[in-house]
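Here's a friendly walk through one protein model, with a stop at its strands and another at its aromatic rings. Have a look at the picture first, then read on.

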Amino acid sequence: MKTTLYSQPALPYANDALAPVISAETIDYHYGKHEKAYIDNLNKLIAGTEYEDMALEDIIRKSEGGLFNNASQAWNHIFYFFTFSPDGASEPSGELRKAIDLQFGSFENFKKEFVDAGVKLFGSGWVWLACDEDGKLMIIQKQNAGNPLTDGLIPLLTFDVWEHAYYIDYKNRRAEALEKLWDIVDWDVVSSRYDID
């Protein structure tokens, strides 16, 4: 029997490396405590069940209720935090950039629509850039632990719009918090997820 089911991966940057966009205090609480709690709860819920040996993505697609919430939140947060870098590229390039320009008219317009979707999402959740198997891009809102994997889509980028993601640094200024995230997006990471071959 396994002794460790899922473990929290170490971030690829120091806790203070994304400041001032995301402070070390927010990283400590958001990744260090919130994310860790989701993984700990997930491990408790899958121990000794049919889900114990499943990939996390498969648990998200096949589960519901508390198991889905913890699995999806664990995955969403890792996906989110591993999208950022203190040396993030300022704009996407290659096939992803072509697709963004085609779908949204321009990179600037895409950013505006993405932030707008995050601001307008009522309550807690996530705003996602995702694509279908043909590479068509779409911006989608997901409440609570929602994830594009459950819709058969490929997640490319997400911004967390739960209050705990930004309240320490931005208080109730969700729009400002989302706008600042563009400064740390690693577009090389996001582009690597856009593989439709």
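Let's start in the middle of a strand: the residue in β2 that partners L129 across a bridge is I139. Keep in mind that this is a predicted model.

**The sheet**

L129 belongs to strand β1, which covers residues 125-131. How do β1 and its neighbour β2 (residues 137-143) pair? They do so in the antiparallel sense, over 7 bridges. The two strands form a hairpin with 5 residues between them, and in that hairpin G135 takes a positive phi near 90°.

Strand β1 also has a partner in β3 (residues 154-160): 6 bridges join these two, and again the strands run antiparallel. Two of the contacts can be named residue by residue. W128 has T158 as its bridge partner in β3, while W126 is matched with D160.

Put the three strands together and you get an open sheet in the order β2-β1-β3, with antiparallel pairing. β2 and β3 are the edge strands, each pairing on one side only. From one strand to the next, the twist averages 25°. As background, strands of a sheet pair through backbone hydrogen bonds, either parallel or antiparallel.

Is β1 mostly covered or mostly open? Mostly covered: 7 of its 7 residues are buried. In a regular strand, side chains alternate between the two faces of the sheet. For β1, both faces are covered, with G125, V127, L129 and C131 buried on one side and W126, W128 and A130 buried on the other.

**The aromatic rings**

Now for the rings. How many aromatic pairs does a search of the whole structure find? The count is 19. A pair like this is described by the distance of the centres and the angle of the planes.

Take F107 and W187: their planes are at 80° and their ring centres 5.5 Å apart, so this pair is edge-to-face. The pair links distant parts of the chain, since F107 is in helix α5 (residues 107-120) and W187 in helix α8 (residues 187-193), 80 residues apart.

The rings of F114 and W182 make another pair, with centres 5.6 Å apart; their planes are at 55°, so this one counts as tilted. F114 lies in helix α5 and W182 in the loop between α7 (174-181) and α8, so the pair ties together parts that are 68 residues apart in sequence.

How covered are these four residues? Anything under 20% relative accessible area counts as buried, and here are the values:

| Residue | Relative accessibility | Status |
|---|---|---|
| F107 | 2% | buried |
| W187 | 1% | buried |
| F114 | 0% | buried |
| W182 | 7% | buried |

Which rings join up into a cluster? Ring pairs link Y31, W75, F79, Y80, F81, F84, W126 and W128. Two of those, W126 and W128, bring us back to strand β1, where they are buried on one side together with A130.

**Charges over rings**

Some rings also have a charge for company. One of the cluster's members, F79, has the charged end of R193 sitting over its ring, 3.7 Å from the centre. Elsewhere, the charged end of K33 sits over the ring of Y29, and there the distance to the ring centre is 5.5 Å.

Definitions and conventions: Residues numbered from 1 in each chain as written. Predicted model: local features only at pLDDT ≥ 70, side-chain atom pairs only at ≥ 80, totals over all residues. Heavy atoms only, no water. Buried < 20%, exposed > 50% of the residue type's maximum accessible area, 1.4 Å probe, protein only. Helix = DSSP H or I, 4+ residues; strand = E, 2+ residues; numbered from the N terminus. Pairing = 2+ DSSP bridges. Phe/Tyr/Trp six-rings, centres within 6.5 Å; stacked < 30°, edge-to-face > 60°. Lys NZ or Arg CZ within 6 Å of the ring centre and 35° of its normal. Axes fitted to C-alpha atoms, helices over the stretch in contact; angles between N-to-C directions.
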